[in-house]
Every structure is written in structure tokens, then in C-alpha cells.
Amino acid sequence: MITIKKRKSFTIKNRIALLIIFCIAALTAANIIVTSGTLNEWLTIHAAEEMNTFCREQGADLNKELLRMEDPVNSLASWTMDKVKSADELKNDQEKRDALIEEAEDILLFMTVDNEFIQSVYMHYTIDLTGKTDRNEGAYYTRGANGEFELIPFTQAEIADDPMSQYWYYDPIENKAPMWTKPYYEWSINDHLISYVSPVCVDGEPIAIIGIDCSFSRMVRQVDNIRYHATGYMYMKAADGSVHYHTDYLDDKDIHGDEKDNVQNGEELMTQKDTGRALIRYKFHGRDRVMTFITLRNNIKLVLCDSYDEIFLARNKTIAISLAVSLGLALLFGSLALLMASHITKPLNRLTKIAIRLSDGDYNVIFPDETNDEIGTLVRVLKTAVLRIHQRSNAMKERNIEQERQIEEKSILLSEQSSELLSMRNIAYIDSLTHVKSKKAYDDTVQRLEKQIATGTAEFAIVMCDLNYLKRINDTLGHKAGDEALIRASRMICRSFPLSSVFRIGGDEFVVILTDMEYDERERLLEEFRIMLQNEVLSTDNIFDKTSIAFGCSAFNRQKDTSFAEVFERADKAMYADKCIIRKRDNIEGR
């Protein structure tokens, strides 16, 4: 007798289990690939952002010191140009030259005596103005052993014969603009210096130079002492990469440039002013390393470098943990899938035929007996649905028609209300007289900046502007003239800051909030604004015919400021100080 074995069918339970396991495996594989790639990219970006941020922060500190050296020179150069009307009046008047130098050196010493970075300060007339004489035609101060400035005689003939004068005298005169020199060694004080020099030009002719020498060796040592995490450090290098400045460089040891850096990735960044948000990967003496840099105000690059393995240690650990967790979860969910398939598919098979008939629209079905479990609940629900579906079908059709009509009416009404609300919002956000943004728009912007300050993403500056003498104009010429003065003031402000938000927050008060590109260019924009106002003041002597604006600026400091009000208060104080200067200039007291 032959026995025929019944072939085992491939059940729904097995299919669901295999499907779930396959899906989990596919999702796990995709998760591993996507997560690893995403984590790798995110952590790489994070490491690059962290290094670039640290480099920018350190560079900002150095730039502050460099700016402290530039300000006295630029201020005194402007003061000198205001004092001298023509080169001929100095060329033929020795007493006038001496008097001007005596007054200028007091100002220069007052502005630089407290800055320990400064080694020397000087102001000399040009040799073209005085001739190559054995007479002191200027003032040269350098710090002695006690740290105090000492006056050193320095004649015009000595300037011409000084081998270092090419750096601090001839190059700036040829440039006809303020500049930072390259580092150079000054034998008289046995130190490496870097100088900021501004030529004083009258009618295009250089008549004098004003400069400050700072200790470059001290700057190099300060940078060499900066540490980043466990193994990172910083150094400076020439803008063209020809020389790397380390402490050893000052002793003429191991002088080298970029040629020793075997760049692996990011070579195109080496010639840029900074690395932005990227990293440069290179090999130095066979070691795998990464670097970021920015260019300082003195055209020297500040470089941050570290070991590649040290920078990406956290990334590699995180990816390994992510892979282990993904595999563990895949095993866990696979086991649960088998259990779920076993418990779910068996009772579902009983309702399969009924479900098929219901899906075909056949509601004349006989349901199995109800049980006291979820399947029984499902049976009761299906019975109820079949009994009520015919009763509700017609009612639902009528209700749908009515709902569609109501929706259409409400849609039209909402569209009209939305249009009205948008018009009212635009009106509320624009000042009706000057057409700049209103106080309401300003308040909303302040709230948005407060949120950015709280999350650490804020970067902005405030320019506080105040139209001078508005009350006098109103009282003397009438309110129409006052309104015209406000309109002129708003146009001047908008023309100076075309990409920034300008708000009128009071009768004669305007606020400009600088962000993005104009935030980065704020020093240039403020200087151009100041020059515009000066030209306006010089245009006429009648106080009512010119637009006089006092202003002050303050930038948000992430390290110190905790609210918008702190930045606003500094800008307001700066504006008030400017207003006092203007009133004193115009011989008008009181606020």
C-alpha cells in the first residue's frame, strides 16, 4: 500500500512572518547605510564647524587687538588732514611743522600708552616735504626697559638710510593708503615687529606718515600657546603660504611654508581668505592632519590644526554604536514578528472569506458565533456595520451634498477675510509718513531676535539714529517742514543701509537692524554713513536746511549679551554721545 503524504501549504502566517522579517532586514540595512552616511556627514560637518568656529573666535580676539592699533593711527591721520590745508604751508614753515608734531604726539601717546602690544609709535614728515636733513622732522617713541615710552631722535637722513624703512616708510607712501607691513626684524630693539602705517595725504601728496609698531614675536608666542582639545594648536603664516610663523621661526629654525603640507583634500581652499565651514586634510611628516584658517586684519593667516584621528574619534565611535544598536533592534523585532504572525494570522483566516464577500459588496453573509475576544469584537462590529450601512448610505449622500455647499461658502468667506487681514497687517507694518517699517514691525522683529539669542543663533547689530532739531523745525517752520525733514532723514538712512530693516520707533527716532552681508560690512557702511552726514553738515550753515542725524551702533556679543535690550542700550548711549558732540559743534546745549 502506497501512502501519499499531504503537501504542506505555504501558510499566511509563514508569508507574513517572512515578509516582516524581510522588511525588517531591508529597513535595518537601509537604516545602517543612511544612518552611517548621515552620521558621518553630520559629524564631519560638526567637527569642521567646531574647528572653524574656534578659529574665528580666536581670530576675532586678535583682530580686536589689531583694530585697537589701527584706530589711533587712523584717527590721528584724519585729525592731521583736517589741520593741514595744503602741503606748501608746512613745507615753508618749520615752526608750524614743529607745533603740529608737538600737538599730534600728545594725542598719539594718549591713545596708545595703555596698549602693551605696542612697541613704538611715530609720526614723521615725508622726506619729499622736508628734504634729506639731519633734523628731527617728527616724533618717534619706543618702550624702554621699564615699559614707558621714550623719545628717540630720528632724523630725515636716518630714515633714508634705515634698511627697514622700506617696510614702514616707503611702502606705505607708495601705497597712499593705510596698510599693515610684513613682519620684519628691528635690530635696534632686538625684536620682530609688524607695523600699521597710514600716510597723511593732502591734495594727493603724502606729507607725513603715522605708524605703530607692535611686537610680532609676542603675538606669535600668544598664538603658539593656544590649545584646541588634547592635541590641537594654532600658528600663523604669510598670506601666500610662503612662511609659517612659529616661535622657532623667530630663531631661524625650521623655516618652511605650505610646500611641506601634502594636501589630500581641500587644496583649492589654501589660496582663499578662510576655510569657511570646510576642513583641509593634509599630511605633515607622514601624520594625517586637518586644518582650518582665517585671514586676520594684518593679512596674516591664523591656522588651527589637529590630528585627523583626534578630530574624528567621536564620529567613529558614534557610527560604531549606531551600527550595533541597529543590528540588535533588527534581531529583536524579527523575533517579535514571528510571534505576532503566529497569533494574528490564525483567527484572521476564519474571517477571510467573509471579508472577501464584504469587499465585493455582498452583505448577505452569515457570521460565525461571537467569542469573548478581539475576533468576537470584530464580528460584532462587522454585523453592526452591515445592518446600518444601508440606512446611513442615503443620509450620508445628502449630508455630503450639504457639507460641500457649506464648505464652498466658508471657503469664499475665509478668502475674503484672509485678504482683509493681510491688508491690515501690511498697513500696521509700514510707517505712514516715512514708509519705513513701523513700531509694530520693530516689536515683532525684536521678539524674533530674542528667540535667536535664546537659541544661540543670533548675529546682528543695531544702529540707533535720531533726527536732530526736529522740535526747533516744527516750532519755527511748522510741522509740514518737520515731516519733510523726517522723510529726508529716513531716505538717507535707507540709502546707507539698503539691505537692512529700517524702523521708525518714535517721533524722531529710527532703528536699523543689520544682519547677513550688511552685518559683516557694518564698519564700511557706518563710515560711509558718517561721511554722508558730514557732507550734509558742510552743505550749508543754516541748521534748518540740512538734515542732521546723530547715530550710534552696537553689535550683539554672544559671549556677554543675554537680551536685545542690552545691545539697544549700548547703541542708544553711543547715539546720545554723538548727539552731544553734534550739539556742541552746532553750539546748541541740551538734549
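Helices and strands are here DSSP runs, helices being H or I with at least four residues and strands E with at least two, numbered from the N terminus. The points below concern a predicted model.

1. Position of Thr434. Thr434 belongs to the loop between α11 (374–429) and α12 (439–455). With a relative accessible area of 8%, Thr434 is buried, the cut-off for that class being under 20%. When neighbours within four places in sequence are set aside, the contacts of Thr434 are Leu486, Ser490, Arg504 and Phe510. The C-alpha atoms of Thr434 and Phe503 lie 9.5 Å apart, although 69 residues separate the two in sequence.

2. The open sheet. Several of the residues around this loop recur in the sheet. Four strands form an open sheet in the order β16-β17-β15-β18, and the pairing is antiparallel. Strands β16 and β18 (549–555) are at the edges with a single partner strand each, so one side of each has no neighbour in the sheet. From one strand to the next, the twist averages 20 degrees.

3. Strand pairing within the sheet. Strands β16 (residues 501–504) and β17 (residues 509–514) run antiparallel and are joined by four bridges. The connection from β16 to β17 is a hairpin of four residues. In this pairing, Phe503 faces Val511 in β17 as its opposite residue. Strand β15 (residues 461–467) pairs with β17 over six bridges, also in the antiparallel sense. Here Cys465 stands opposite Phe510 in β17, and Phe510 is one of the residues in contact with Thr434.

4. Helix on the sheet. Which strands does helix α16 touch? Helix α16 (residues 522–538) packs on the sheet and touches β15, β17 and β18. The direction of α16 makes about 170 degrees with that of β18.

5. Packing of α13 on α14. Helices α13 (residues 470–477) and α14 (residues 479–496) pack at an angle of about 145 degrees, and their axes are 6 Å apart. From α13, the residues involved are Leu470, Ile473, Asn474 and Leu477. Their counterparts in α14 are His479, Ala481, Gly482, Ala485 and Leu486. By class, six nonpolar and three polar residues make up this contact, with no charged residues. Leu486 also appears among the contacts of Thr434.

6. Aromatic pairs. The structure holds 18 aromatic pairs. One of them is formed by Phe154 and Trp168, with a centre-to-centre distance of 5.9 Å and 40 degrees between the planes, a tilted arrangement. Phe154 lies in the loop between β3 (149–151) and α5 (156–161), and Trp168 lies in helix α6 (residues 165–175), so the pair ties together parts 14 residues apart in sequence. Both residues, Phe154 and Trp168, are buried. A second pair joins Tyr233 and Tyr235: the ring centres are 6.5 Å apart and the planes are at 40 degrees, so this pair too is tilted. Are the two tyrosines, Tyr233 and Tyr235, buried or exposed? Tyr233 is partly exposed, at a relative accessible area of 26%, whereas Tyr235 is buried, at 3% relative accessibility.

7. Aromatic cluster. Which residues do ring pairs link into a cluster? The cluster consists of Tyr122, Tyr140, Phe154, Trp168, Tyr169 and Tyr170. The tilted pair of Phe154 and Trp168 therefore has both its members in this cluster, given that rings pair if their centres lie within 6.5 Å.

8. Charges over rings. Arg218 places its charged end over the ring of Phe117, at 5.0 Å from the ring centre. Similarly, Lys237 lies over the face of Phe293, 5.3 Å from the centre of the ring.

9. Positive phi values. Two residues other than glycine deserve a separate entry for their backbone angles. His285 has a phi near 55 degrees, which is positive. His285 is located in the loop between β12 (280–284) and β13 (287–295) and is exposed, with a relative accessible area of 58%. For Asn299, phi is near 65 degrees, again a positive value. Asn299 lies in the loop between β13 and β14 (301–307), and with a relative accessible area of 45% it is partly exposed.

Technical notes:
Residues numbered from 1 in each chain as written. Predicted model: local features only at pLDDT ≥ 70, side-chain atom pairs only at ≥ 80, totals over all residues. Heavy atoms only, no water. Axes fitted to C-alpha atoms, helices over the stretch in contact; angles between N-to-C directions. Contact = heavy atoms within 4.5 Å. Nonpolar A, V, L, I, M, F, W, Y, C, P; charged D, E, K, R; others polar. Phe/Tyr/Trp six-rings, centres within 6.5 Å; stacked < 30°, edge-to-face > 60°. Buried < 20%, exposed > 50% of the residue type's maximum accessible area, 1.4 Å probe, protein only. Lys NZ or Arg CZ within 6 Å of the ring centre and 35° of its normal. Pairing = 2+ DSSP bridges.
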